[in-house]
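Here are some notes to read alongside the model. Have the sequence open too, and take the points in order.

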Amino acid sequence: MAELARALAALRVAGEELVPDAITTALGCEPSRSWAKGEAWISHGVTRTRRFGLWSLDAEETTPADVDAQVATILGRLTSDEAVWRDLGARYTVDLFCGWFMERGNEGVTLEPETMLALGRRGIPLDVDLYGGDESADG
């Protein structure tokens with residue numbers, strides 16, 4: 001299998017009643033970005049209101065893709081207490097978002113059993129967006 005060109009990864013916790021500081025305390029780490037429902041923000045000169053709360057921790061982009069390292073980096077910064085993760089999963093939407101970018105039509109990624117187990121023990125689903133490469137680049 002050809003190696004995946006690059007990858008982005010972020011652990012996300014989202015919910016209507018989410019209080020970012022409470023998630024920071026529960027997980028033991030400052031987020032890359034966060035907000036509460038109802039907060040105002042400006043996008044393209046227009047003031048908007050957040051429709052839900054979000055707490056997100058990003059891994060550094062890897063080129064070529066190294067999703068195992070990204071997951072290890074993210075989870076290594078957070079609590080491993082499964083009770084905390086069960087509580088968060090019961091109250092909020094929790095996922096590991098991955099953006100996988102291909103340069104060609106046939107690239108792939110392998111997740112090691114330890115990575116899948118670490119996500120599974122915490123009840124974290126893997127949410128993948130795939131971005132296709134240029135088929136004509138292969139000649």
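1. Where is the place of Val71? Val71 sits in helix α2; helices here are DSSP runs of H or I with at least four residues, strands are E runs of at least two, and both are numbered from the N terminus. Before going on, please note that this is a predicted model, in which local features need pLDDT of at least 70, side-chain atom pairs count only at pLDDT 80 or more, and totals for chains, interfaces and linings use all residues. Residues are numbered from 1 along each chain as its sequence is written, and side-chain values use heavy atoms, with hydrogens and water left out.

2. Staying with Val71, this residue counts as buried because its relative accessibility is 3% (buried is under 20% relative accessible area, exposed over 50%, partly exposed in between, with a 1.4 Å probe and protein chains only). Val71 touches Leu96, Thr115 and Leu119, if residues up to four places away in sequence are not counted; contact means heavy atoms within 4.5 Å. Val71 and Ala9 are 62 residues apart in sequence, yet their C-alpha atoms are 7.5 Å apart in space.

3. Now follow that contact to Thr115, which belongs to helix α4 (residues 113–121). Thr115 is buried too, at a relative accessible area of 9%. Leaving aside neighbours within four places in sequence, Thr115 is in contact with Asp68 and Val71. From Thr115 to Gly76 the C-alpha distance is 12 Å, with their positions 39 residues apart in sequence.

4. Next, have a look at the loop between β5 (53–58) and α2 (67–76), where you'll find Thr62. Thr62 has a relative accessible area of 16%, so it is classed as buried. Its side chain reaches the backbone nitrogen of Asp66 at 2.9 Å. Not counting residues up to four places away in sequence, Thr62 touches Ala5, Arg6, Ala7 and Gln70. Pro64 lies in the loop between β5 and α2 as well, and the peptide bond leading to Pro64 from Thr63 is cis, with omega near -5°.

5. His44 is worth a glance: you'll find it in the loop between β3 (40–43) and β4 (46–49). Is His44 buried or exposed? His44 is exposed, because its relative accessible area is 80%. Its phi is near 55°, a positive value in a residue other than glycine.

6. On to the largest nonpolar core, which has 28 residues; Leu11, Trp55 and Leu78 touch the most other members. (A nonpolar core is a set of buried Ala, Val, Leu, Ile, Met, Phe, Trp, Tyr and Cys residues joined through side-chain atoms within 4.5 Å.) At least two residues of this core come from each of β1 (6–15), α1 (20–27), β5, α2, α3 (82–91) and β6 (93–101). Beyond neighbours within four places in sequence, the contacts of Leu11 include Trp55, Leu78, Trp85 and Ile124.

7. Finally, the overall picture. The protein has four helices and seven strands, in the order β-α-β-β-β-β-α-α-β-α-β along the sequence. Buried residues are 38% of the 139 residues. Among contacts between residues at least 6 apart in sequence, 76% join residues at least 24 apart. The C-alpha atoms fill a box of roughly 50 × 40 × 20 Å along the principal axes.

Notes: Polar contact = N/O pair within 3.5 Å; in protein donor to acceptor, adjacent residues only side chain to side chain.
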